[in-house]
Amino acid sequence: MKQILTLILTIFTISLQAQIIISGKVIDSKKQPILGASVYLDGTYDGTSSNEKGEFSFKTEEKGTQTLVVSFVSYETFVKFDDVKNLKNLQIKLKDDINSLDAVVINAGTFKAGEAAKVTVLKPLDIVTTANAVGDVLGALQTLPGTSANPEDGRLFVRGGNADETQIFIDGMRVFTPYSPTPNNAPTRGRYSPFLFKGITFSTGGYSAEFGQALSGVLDLTTIDKPDQEKTEISLMTLGVGLGNTQIFGKNSLSINASYINLKPYTDLFPDRNEFIKPFQSASGEAVYRHSFKDDSMLKIYSAFSYTDLEVIQDDINFDDGLRFGLNNRNLYINSSYKNKIGNNWRIESGFSFTKDNSTLKIEDDNIENSENSAHFKVKLNKQFSSRFRVSFGSEYFITKFDEIYNPINDQTFKYGFDNNIFASFAETDIFFSKNLATKIGVRAEHSDLLNQFTISPRASISYKTGKNAQFSLAYGQFYQNPSTNYLKFNEDFKAENTTHLIANFQHTKQNQIFRIEAYYKDYKDLVKFDSEQPNFISNFNNNGTAFAKGIDVFWRQNGKIKNTDYWISYSFLDTKRDFRNYPTAATPNFASAHNLSIVGKHFIENLQSQVGFAYNFASGRTYTNPNEPGFLNNKTKSFNSVSLNWAYLIDQQKILYFSLNNALGTKNVFGYNYKNTPNINGNFDRQAIVPNADTFFFVGFFWTISDDKTSNNLNNL
């Protein structure tokens, strides 16, 4: 018996000697103890949790070098490799996890749309369910602050800049001709279907060094990586028809969309003061092929073709029989992008885009034919060295060849154009000092062959999180852009136009709620000026133009506070003056309005399986020149007001009936005035108001999705 007790005591003593106690304390960056942190040896069952003092202690029989792991929610995981004998009385400080949902976001000047974004102000479906957007990406974005209402144009006018100052990209590749052509005072639309995009980044200023050749803003559209189901979509509309199909085969998928629009039925029902000889008609088609490789690598090939044709006699005060205008446009766009992981956690992204655009214009008896062939090549490398330090850099090359032929009646033919190649390189780094403080610093260098000019554009932004739901951001940037085609085709002796952006932003977010306010200042230099009524061969051009724009943008969105109701409110104040083009003095340009307000609401009615929505748009008056009074841009139009309504009815889970009524109250909006070239007998100049082609626009559509997923259309998700 004594021998047995001795043996047991010996084994117990050896066991105690073999066990080692691992101990320490877990604290945060402010040296406060962390309760409940998980502490363990990797690959074993040995471990524990920290107590209210942050302390931990546990025993192990492991020997030699081991891996100690300490983790806690919203903190970076701590890992230590050492001999277990040294894992005693440790002081472990956990760093904030900058990838957590409550981490700071660098967002000055930028709106995100997409489910993957940490902070989303719009969803892709908002594009097709906003009452006044009528399924157009541009229409939905014009309900955001920072944009000015120009309903007679339809393009994006951002923070005092004209529409040419905002560039559009698809998967990071340039779209050189993103808008469908239209006659004067008829709004354009974007060429591309919103259903093909999973996310939208809209920068109204201070954007990344990755993008250039834009003085005011950048719109980057991201296509869907992989469709969730095979389906066929059929749409029947008052203005035309549409058909789409998606097929998935292994790691490949193919989506095809086609549509045809003809405005003749509409112009017959709602005639205006214009006479259509050929009604506006357009046909378009899009195709997206995707192939998924391992390690999240992806190849996408996107192509789009559109055709537009019309001929109209527009009522014009200076033409007794009206101004005859004809347009025929053919546009081809191809975009290919590839991303892949390479050695040591680097990622490579490369792409190519090509645009071929041909237009034939008929103005009275004169004909103008122009063609633009443009290409964009790009390669980008990026690496996340840690959760706190990321770097990206790359190069790109732009090629543009523009040719135009002018055939005036009974006169000689004029041929002219230009070739412009731009090489650019960029580098950018994201540094996260903590979960509450981050900065983005970048630089872009460009060389234009046509202008023989080299430019350097520094960019920087910083964001600081002041509380759980609030943060401040500041941004600075220098931006360059070559003069527009309207100038380069007549003269090549220019410098790049440029501007400096300063932005201060405050944002407060909670679940289903966001508020942001942003102040900005833009200083323009080297803008193009000329001394004729319109730019032409005999115009005297220079780069002596200047401008400024300053203002405040406010955005508020709330979803679900009122049952089944989602709404947002945008307001912008803009103060701007320009001395450019043929302006005799600095003045507020006629495309800028001081006050812009948008209110958008959507409500789902469960009993009726319907979603109803409305959108109200207000813009203060815009400047115009009244030759009967002294001064330049000396008057303002009345304010713009429009109320739009829509209703979507779910017939069943795969069929939706959609109604939309733009400017439901029939408000008589005026966008400016055309004046007679010669005075009347009283010595005054008669005028004619510039008004929309139709005061009220009515749209009806039937959308049918055929797929195995019987819940493919659900109005609760719209």
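Contact here means heavy atoms within 4.5 Å. The model shown is predicted: local features need pLDDT of at least 70 and side-chain atom pairs count only at pLDDT 80 or more, whereas totals for chains, interfaces and linings use all residues. Residues are numbered from 1 along each chain as its sequence is written, and side-chain values use heavy atoms, with hydrogens and water left out.

**Figure 1. Overview of the protein chain, with its five helices and 38 strands.** Helices (H or I, at least four residues) and strands (E, at least two) are DSSP runs, numbered from the N terminus. Among the contacts in the protein chain with a separation of 6 or more, 60% join residues 24 or more positions apart. Of the 718 residues in the chain, 49% are buried, where buried means under 20% relative accessible area, exposed over 50%, and partly exposed in between (1.4 Å probe, protein chains only). The chain exposes about 33600 Å², of which carbon and sulfur atoms supply 55%; accessible areas come from the Shrake-Rupley method with a 1.4 Å probe, and for residues only the protein chains shown count as cover.

**Figure 2. The largest nonpolar core, with 27 residues.** A nonpolar core is a set of buried Ala, Val, Leu, Ile, Met, Phe, Trp, Tyr and Cys residues joined through side-chain atoms within 4.5 Å. The members that touch the most other members are Leu 141, Leu 156, Ile 170, Tyr 192, Leu 219, Leu 221 and Tyr 302. At least two residues of this core come from each of helix 3 (137–141), strand 9 (166–170), strand 10 (173–175), strand 11 (197–203), strand 12 (217–223) and strand 17 (298–316). Apart from its neighbours within four places in sequence, Ile 170 is in contact with Val 175, Tyr 192, Phe 197, Asp 220, Leu 221, Thr 223, Tyr 302, Tyr 333 and Asn 335. In soluble globular proteins, nonpolar side chains tend to be buried together.

**Figure 3. The largest cavity, holding about 90 Å³ of space.** On a 1 Å grid over the protein atoms alone, a cavity is a set of points where a 1.4 Å probe fits but cannot get out, and lining residues have an atom within 4 Å of a point. Grid points are joined across faces, edges and corners, and a volume is the space filled by probe spheres set on the points. The search of the whole structure finds eight cavities of 30 Å³ or more. Lining the largest cavity are Val 137, Leu 138, Ile 168, Pro 178, Tyr 179, Gly 190, Arg 191, Tyr 192, Phe 197, Leu 219 and Leu 221, with helix 3 and strand 12 each supplying at least two of the lining residues. By class, this lining has nine nonpolar, one polar and one charged residues, where Ala, Val, Leu, Ile, Met, Phe, Trp, Tyr, Cys and Pro count as nonpolar, Asp, Glu, Lys and Arg as charged, and the others, Gly among them, as polar.

**Figure 4. Surroundings of Ser 50, in the loop between strand 3 (47–49) and strand 4 (55–60).** Ser 50 counts as buried because its relative accessible area is 4%. Not counting neighbours within four places in sequence, Ser 50 is in contact with Val 26, Ile 34, Leu 35, Gly 36, Ala 37, Glu 55 and Phe 56. Ser 50 and Val 26 are 24 residues apart in sequence, and 7.0 Å apart in space, C-alpha to C-alpha.

**Figure 5. Surroundings of Glu 233, in strand 13 (residues 231–237).** Glu 233 counts as partly exposed because its relative accessible area is 25%. Leaving out residues up to four places away in sequence, Glu 233 touches Gly 242, Leu 243, Gly 244, Trp 704 and Thr 705.

**Figure 6. Two loop residues, Asn 564 and Gln 609.** Asn 564 lies between strand 28 (542–559) and strand 29 (565–579), and has a positive phi of about 60° although it is not a glycine. Gln 609 lies between strand 30 (595–605) and strand 31 (610–619), and has a positive phi of about 50°, although it is not a glycine either. Most residues other than glycine have a negative phi. Asn 564 is partly exposed at 29% relative accessibility, and Gln 609 is partly exposed with a relative accessible area of 31%.

Terms used:
On a 1 Å grid over the protein atoms alone, a cavity is a set of points where a 1.4 Å probe fits but cannot get out, and a pocket is an open set with protein on both sides within 12 Å along at least five of seven lines; lining residues have an atom within 4 Å of a point.
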